[in-house]
Structures are given as structure tokens and as C-alpha cells.
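Let's take a walk through this protein together, one region at a time. Have the sequence and the 3D view open beside you as you read.

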Amino acid sequence: MKNQFSKSTPLTERSWQTEKQSGAVALERLAGLFEAAPLAVLTGAGISTDSGIPDYRGAGAPPRTPMSISQFMEDPAYRRRFWAGARVGALRAAGVAPNAGHLALARFEAAGLTNGVITQNVDNLHRRAGSRSVVELHGNGSVIRCVEHDHRFTRDQVLGWFDELNPGFAARNAAAEIAPDGDAIVSGTDSVETPTCPECGSILRPDVVYFGELVPKPVFETAESLVASAGGLVLIGTSLAVNTGIRLVHRAQLRGIPIAVINRGPTAIDARESVSVRIDAGAAETLEQLEQILR
Ligand SMILES: [Zn+2]
């Protein structure tokens with residue numbers, strides 16, 4: 001194509017083509033890793049951004065103030081704001097669904113290409129997509145448990161109790177601003193009644209690992225066992241800012257199995273020699289392309 005810029009464009013054009021080609025080569029190399037199937041998979045927030053859930057650590061993300069569990073346990077006003085926000089946020093979360101990336105991973109597992117999925121996400125989207133072997137390192141926000149006896153309920157059940165205790169509250173506050181964590185920022189919660197455990201009356205909390213809490217040991221051990229029995233480890237949509245993810249990478253390195261990274265933007269392990277495939281692209285588009293090659 002000739003135009004007035006033709007003299008200055010060849011270099012740019014060539015480097016763009018090289019980049020594009022290396023992306024295709026990386027994808028082929030990733031597909032090649034599946035000769036050692038099943039592979040283990042670790043996902044982070046980047047796989048859910050295509051479902052409309054923001055990535056707190058991704059580029060341009062708003063600053064995040066993580067909820068601390070001591071605040072939640074010790075301050076009734078904090079729990080009132082939490083449940084009010086969760087109730088109003090749920091009105092708008094109704095449209096959130098698994099995306100092409102979650103669905104592809106569920107098909108990979110069904111085909112024996114992966115041994116399930118280890119995830120740092122609490123959004124329940126892997127299970128909803130049909131993945132069977134799901135290790136949720138940070139828990140599952142759709143499960144609510146009581147702090148005294150571990151009685152378990154669904155979030156929908158507890159939000160229903162919230163509505164019985166606070167008739168009309170959700171509708172009156174439907175226009176409230178939504179925070180990055182998906183919950184609404186609701187003011188005027190002083191008179192809100194918070195639901196408690198119907199079995200024992202104790203405080204109800206989401207079954208997620210909050211700031212200041214540790215990943216439960218049996219959960220981490222299950223994740224380790226998936227890495228221990230895999231022919232490779234594929235990291236998807238995570239910058240590996242979380243320590244638990246790095247520990248699983250170390251397990252893979254000790255075993256000498258190949259590691260692939262699919263993530264938009266830099267990760268903590270980009271410089272490591274053990275990373276044999278690096279794809280800087282979105283999770284859903286990459287997994288769809290990978291599935292076409294594997295077919
Ligand atoms: Zn209870």
C-alpha cells in the first residue's frame with residue numbers, strides 16, 4: 001500500500017508483523033503443551049473482566065480498600081453498610097454471566113485437557129460455566145456461613161432475609177453508586193437490620209478469604225495436588241500479585257513442568273526462565289483461539 005508515509009512506515013509495519021507472528025507462534029507453543037495433558041490452570045480477575053467484573057489490580061483500576069475481617073466482625077455499623085450494599089449491588093449483578101473464557105475452560109476439563117481450575121476469584125463463574133473440579137483459593141462469595149457453627153446458606157437466601165427485615169430498602173436505593181467490588185455504596189443505613197444465622201443467631205459472613213485472613217490449608221493442599229499431577233501450569237488473567245499464586249508457581253518450577261502465562265499487562269514472573277509461553281492478551285479471546293487449534 002503506497003501513501004505519503006510509505007518511506008517511514010516499513011519499520012513500524014515490520015515490527016507490528018513480527019509481534020503478530022510471535023503471538024501466533026506463542027499460541028501454537030501453548031497448544032503444544034497440551035501433549036502433556038492434563039494441565040493445571042490458575043485463573044485470576046483477568047478472566048472475569050469480560051463478564052463485566054472489574055479487575056482491582058489491572059491497569060487503570062481504581063484504588064482499592066480491602067475489607068478487613070476485623071472491621072466486619074467488630075463493628076455493627078460496618079455490617080449494616082455491608083449487607084445494604086450487597087443487597088443493592090445484587091440488583092445490578094443479575095446480568096453477570098460466565099464468558100467465553102470460562103466456558104472454554106469447562107470444555108477443556110470435560111475433554112481431559114485440564115484437571116480442573118484453581119481460581120483466585122470469588123465470583124462463582126467457573127462453576128456456573130460447568131467446571132467440575134474447582135479450587136477456590138479465596139472462597140466463594142455466593143456462599144454465606146455463620147461464624148459460630150459454619151451453618152451455610154446461599155447469598156440469595158440471606159438477601160431474601162434482608163428484604164424481610166428491611167421491606168422496600170432495595171427498591172428505594174436502587175440508584176446507588178456501585179463500588180469496584182460490585183456492592184453498592186448506600187448511605188443512611190443506621191436503621192438497617194442485618195440478617196443473622198437462623199440456626200444459632202450468630203453473625204453471617206461471606207465464605208471468602210478477606211484481607212488479613214489466610215487461604216485454608218486443605219484448600220491450598222488440593223490446589224497443590226492439581227499442580228503435582230499436571231503436565232504443565234497455565235496462568236490466566238492474573239498478575240500474580242497474590243502470594244498463594246506464586247507458591248503454586250514454585251511447585252511447578254520444582255517439578256520442572258512448563259509454565260504458560262496469558263495475561264494482559266505485566267506479571268510478577270515474566271522474567272523467569274521457567275515461563276515457556278507468554279501471551280499478552282485477553283483471556284477469553286486467547287482461550288477461544290487455543291480451542292480452535294486444539295480441535
Ligand atoms: Zn449458625
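What follows goes from a metal site to a pair of helices and then to two loop residues. Please keep in mind that this is a predicted model.

Let's begin with the metal. The zinc ion takes its protein donors from C146 (SG), H151 (ND1), C197 (SG) and C200 (SG), at 2.1 to 2.3 Å. What arrangement do the 4 donor atoms make around the zinc ion? The angles they subtend run from 103 to 122°, and therefore the arrangement is tetrahedral. If you look for the donor residues in the sequence, you will find them spaced C-x4-H-x45-C-x2-C. Two of these donors are worth locating on the fold: H151 sits in the loop between strand 4 (139-146) and strand 5 (152-154), while C197 sits in the loop between strand 7 (184-185) and strand 8 (204-208), so the pair ties together parts that are 46 residues apart in sequence. Their surroundings can be described too. H151 has a relative accessible area of 26%, so it counts as partly exposed, since that value lies between the 20% and 50% cut-offs. C197, with 3% relative accessibility, is buried because it falls under 20%.

Now turn to the helices. Two packed helices are described by the angle between their axes and the distance between the axes. For helix 4 (residues 100-110) and helix 10 (residues 283-294), the angle is about 35° and the axes are 8 Å apart. The crossing of these two helices is left-handed. On the helix 4 side, the residues in contact are A100, G101, A104, L105, R107 and F108, and they meet A284, L287, E288, L290, E291 and L294 of helix 10. Of the residues in this contact, 8 are nonpolar, 1 is polar and 3 are charged.

Just past helix 4, let's stop at N115, in the loop between helix 4 and strand 2 (117-119). Is N115 buried or exposed? N115 is buried, with a relative accessible area of 15%. Its C-alpha lies 7.3 Å from that of A230, although the two residues are 115 apart in sequence. Leaving aside residues up to four places away in sequence, N115 touches P38, L39, A40, S133, L226, S229 and A230.

Our last stop is G232, in the loop between helix 8 (217-228) and strand 9 (233-236). G232 is buried, with a relative accessible area of 1%. With sequence neighbours up to four places away left out, G232 touches L39, A40, I257 and P258. So you can find L39 and A40 among the contacts of N115 and among those of G232. Finally, G232 and T114 are 118 residues apart in sequence, with their C-alpha atoms 9.4 Å apart in space.

Conventions. Residues are numbered from 1 along each chain as its sequence is written. This is a predicted model: local features need pLDDT of at least 70, side-chain atom pairs count only at pLDDT 80 or more; totals for chains, interfaces and linings use all residues. Side-chain values use heavy atoms; hydrogens and water are left out. Donors are N, O and S atoms within 2.8 Å of the metal (3.2 Å for Na, K and Ca); water is not among the atoms, so sites may look incomplete. Four donors count as tetrahedral if all angles lie between 85 and 135 degrees; four count as square planar and six as octahedral if opposite donors are over 155 degrees apart and all others between 65 and 115; anything else is irregular. Helices (H or I, at least four residues) and strands (E, at least two) are DSSP runs, numbered from the N terminus. Buried means under 20% relative accessible area, exposed over 50%, partly exposed in between (1.4 Å probe, protein chains only). Axes are lines fitted to C-alpha atoms, for helices over the stretch in contact, and angles run from 0 to 180 degrees between N-to-C directions. A crossing is left-handed if the near helix is turned anticlockwise from the far one by less than a right angle, and right-handed if clockwise. Contact means heavy atoms within 4.5 Å. Ala, Val, Leu, Ile, Met, Phe, Trp, Tyr, Cys and Pro count as nonpolar, Asp, Glu, Lys and Arg as charged, and the others, Gly among them, as polar.
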